[in-house]
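Some words used for protein structures rest on a cut-off, and it helps to ask how each word is earned. The questions below take a few such words in turn.

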Amino acid sequence: MAGSVVVGLDGTGNSVPAVRWGAAEAAARGIPLHLLHSWVSQPLNVPLAHEAADRKRYASEVLGKAEAMALELYPGISVRTEQVSEQAVDALVARSGQAGLMILGSRGHGSIAGFLLGSVSLHVLGHAECPVVTVREEETAAYKRPEIVVGVQDPGTHGEAVLGFAFAAADAHHARVRAVRAWEPPATVEFVPTAPTSDGQESAVGEEKVLADALAPWREKFPDVEVVEQVERGRIAPVLLQACSQAGLLVVGRRIHRVPMLLGPVVFAVLHHAGCPVAVVPRS
């Protein structure tokens, strides 16, 4: 993986698991860790005056603590810190062009479903040029469960970036890949009851072949990675959420230049409801 692991820090408790994850990724992949904090985008509850000097001092403290944490966990990694005077969204999106991976913290599970990610995270997820992993504040360790679930809904060239990321992550962290494909039968209208047919079974067999064919080149490229193939009948989001209930990471793809919603309904659903960190990989 080219580039570095960029971790966006906001100075709150959300940053702790993000730093932990970023350090683990940098160590496993042998690439630098880049810690970034915007002193003009600090949280509203930071008890500081509005003077630039105070905000820069606070930024230095945030970055210093994060660097110390990363080096304590993984002493051999290369760490770079950066505080910027531009908005956090702009800085992170700009650096995603050279990054190999980006890590963002989120507020974790709340009582109101659908409001777990802040506007900065959602904007970065929709515009970043590199894969972005969101880590909830309750995550205590990176890859605490040794299985990576990846959604395989776009086989062929459209899904290569998603599968490539999942297999590379599994290889780096000695994890298993669970490749999940959901399918729904075409909608039909029947006015007269008919005898059961084998269409459903034939469709399932066909979907299994689609999944196997999509995985074949990645099995060959990563022969040491254990792979579990899972084909389920149902809507994509519920199937993925069920499959990742015991996973360490869920990997999904997003379309580049998608309009009007930058993140599709499936990506949005898993970001807000998955019980594990989620990696969103841009794909053509």
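**Earning the words**

Ser38 touches Val84, Glu86, Gln87 and Ala88, leaving aside residues up to four places away in sequence. The model is a predicted one.

Q: What makes Val84, Glu86, Gln87 and Ala88 residues that Ser38 touches?
A: A contact means heavy atoms within 4.5 Å, and Ser38 touches Val84, Glu86, Gln87 and Ala88 when residues up to four places away in sequence are not counted. For one of these, Glu86, the positions are 48 residues apart in sequence, while the C-alpha atoms of Ser38 and Glu86 are 6.5 Å apart in space.

Q: Why is Ser38 called buried or exposed?
A: Buried means under 20% relative accessible area, and Ser38, which is found in strand E2 (residues 33-38), has 2% relative accessibility, so Ser38 counts as buried.

Q: What makes the pair of Ser38 and Glu86 a polar contact?
A: A polar contact is a pair of N or O atoms within 3.5 Å, where one must be able to donate a hydrogen and the other to accept it. The backbone oxygen of Glu86 lies 2.6 Å from a polar atom of the side chain of Ser38, and therefore the distance is within the 3.5 Å limit.

Q: How do you know whether His37 is buried or exposed?
A: His37 also has its place in strand E2, and with 1% relative accessibility, set against the limit of under 20%, His37 counts as buried. A polar atom of the His37 side chain lies 2.9 Å from the backbone oxygen of Leu9.

Q: How many of the residues that line the second largest pocket are nonpolar, polar and charged?
A: The lining divides into eleven nonpolar, five polar and five charged residues, in a pocket with a volume of about 380 Å³. Of the 21 residues that line the second largest pocket, the closest to its centre are Gln153, Asp154, Gly253, Val266 and Arg283. Gly counts as polar, so Gly253 is placed in the polar group.

Q: Which element gives the most to the lining of the second largest pocket?
A: Strand E9 gives the most, with five residues. The elements that give two or more residues to this lining are helix H5 (160-173), helix H7 (236-243), strand E9 (249-255) and helix H8 (265-273).

Q: How many of the residues of the protein count as buried?
A: Of the 284 residues of the protein, 48% count as buried, and the protein has eight helices and ten strands.

Terms used: Residues are numbered from 1 along each chain as its sequence is written. This is a predicted model: local features need pLDDT of at least 70, side-chain atom pairs count only at pLDDT 80 or more; totals for chains, interfaces and linings use all residues. Side-chain values use heavy atoms; hydrogens and water are left out. Helices (H or I, at least four residues) and strands (E, at least two) are DSSP runs, numbered from the N terminus. Buried means under 20% relative accessible area, exposed over 50%, partly exposed in between (1.4 Å probe, protein chains only). On a 1 Å grid over the protein atoms alone, a cavity is a set of points where a 1.4 Å probe fits but cannot get out, and a pocket is an open set with protein on both sides within 12 Å along at least five of seven lines; lining residues have an atom within 4 Å of a point. Grid points are joined across faces, edges and corners, and a volume is the space filled by probe spheres set on the points.
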